[in-house]
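Me: I'm new to this one and would like a close look at a single part. Could you walk me through a pocket and what surrounds it?

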Amino acid sequence: MRPQSVILALSLIFFFLHCTKTLCQSPAAAPAMAPPKTPVKAPPADSSQAPSAQVATSPGPVDINKILQKAGHFTVFARLMQATTEDTELNKELNNTNNGITILAPTDSAFSTLKAGFLNSLSDEDKTELVKFHVLPAFISTSQFQTVSNPVRTQAGTGPRVTLNVTTTGNFVNISSGLTNASISGTVYTDSQLAIYQLDKGLFPLEVFSPKPPAPGPEPALGKPRKAAPEAESPIAPKEIFGAPALLFLLNNPLLFAVSWAFGAIKYS
């Protein structure tokens with residue numbers, strides 16, 4: 001065999017072995033990557049139920065309606081106060097006296113469970129009582145709810161149908177009207193005379209929203225007494241047929257007495 005042929009054959013063998021080794025050492029294909037997962041966002045919280053940022057005190061007269069407007073999401077309750085002029089009355093009391101007041105203000109969503117148009121269907125008197133039911137005639141701080149005595153009097157009155165009951169567990173304050181249970185979810189405003197707290201539900205008084213016990217029926221009318229039948233007058237002794245002088249005259253005249261007696265007997269027979 002020629003030397004050139006040997007060299008060529010060895011070169012081919014070496015090239016073949018080198019290519020086989022390279023192919024065996026080639027990296028495996030990378031596994032397919034899963035598509036990135038889109039993070040699931042939590043649904044946004046209901047801003048009307050979130051505690052309101054406390055409204056800062058400002059110099060000048062107190063205006064409850066302006067405080068509620070600054071706090072936001074108290075539109076329904078603010079309109080009720082305006083419609084009943086209760087906000088005007090409370091502003092006068094706060095600015096002209098030293099009396100304390102506590103307002104339990106339901107958020108707009110607290111009224112959303114009512115039927116559409118329900119509040120408008122109430123009489124002016126019932127609207128006024130509803131607003132006053134959310135007003136306590138004393139300043140109550142958050143810590144004082146722990147020691148308040150039940151039943152709690154409201155501006156609507158003192159009877160059992162217009163008072164509230166307060167229960168606390170730690171810092172949690174629950175208020176019951178007898179029909180609804182609400183919780184204080186934040187402080188809207190407070191100074192030395194006025195406190196406004198946010199409620200998650202409206203308070204509905206029994207006096208307005210529950211049927212009242214039926215009024216007692218009228219007593220049965222007593223029958224009219226029957227008139228007694230007139231007694232038959234005796235023909236022998238007629239009443240005051242004659243006066244006393246005439247009777248004496250007849251007694252002294254037997255004949256005339258007999259005639260008169262006979263006449264009386266015929267008249268009454």
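**A look at one pocket**

Reply: Let's take the second largest pocket, which has a volume of about 200 Å³. Keep in mind that this is a predicted model.

Who lines the pocket? Going along the chain, you meet Val76, Arg79 and Leu80, then Phe111 and Leu114, then Lys115, Ala116, Gly117, Phe118, Leu119 and Asn120, and finally Lys127. By character, the lining splits into seven nonpolar residues, two polar ones and three charged ones. Two helices, α3 and α5 (118-121), each give at least two residues to the lining.

Now follow α3 (75-83) elsewhere: this helix also supplies at least two residues of the largest nonpolar core, as do α2 (64-71), α4 (86-96), α6 (124-132) and the strands β1 (101-106), β6 (181-190) and β7 (194-199). That core has 27 residues, and those with the most contacts inside it are Ile64, Ile67, Leu68, Met81, Ile103, Leu194 and Ile196. Take Ile67: leaving aside residues up to four places away in sequence, Ile67 touches Val55, Val62, Val188, Tyr189, Leu194 and Ile196.

The three strands just mentioned belong to an open, mixed sheet of seven, ordered β2-β1-β7-β6-β5-β4-β3. At its edges stand β2 (135-136) and β3 (152-153), each with a single partner strand, so each has one side without a neighbour in the sheet. For β2, pairing with β1 is antiparallel, over two bridges, and Thr102 stands opposite Leu136 in β2.

Note on methods: Residues numbered from 1 in each chain as written. Predicted model: local features only at pLDDT ≥ 70, side-chain atom pairs only at ≥ 80, totals over all residues. Heavy atoms only, no water. Core = buried A, V, L, I, M, F, W, Y, C linked by side-chain atoms within 4.5 Å. Buried < 20%, exposed > 50% of the residue type's maximum accessible area, 1.4 Å probe, protein only. Helix = DSSP H or I, 4+ residues; strand = E, 2+ residues; numbered from the N terminus. Contact = heavy atoms within 4.5 Å. 1 Å grid on protein atoms, 1.4 Å probe; cavity = no way out; pocket = protein on both sides within 12 Å on 5 of 7 lines; lining within 4 Å. Points joined across faces, edges and corners; volume = space filled by probe spheres on them. Nonpolar A, V, L, I, M, F, W, Y, C, P; charged D, E, K, R; others polar. Pairing = 2+ DSSP bridges.
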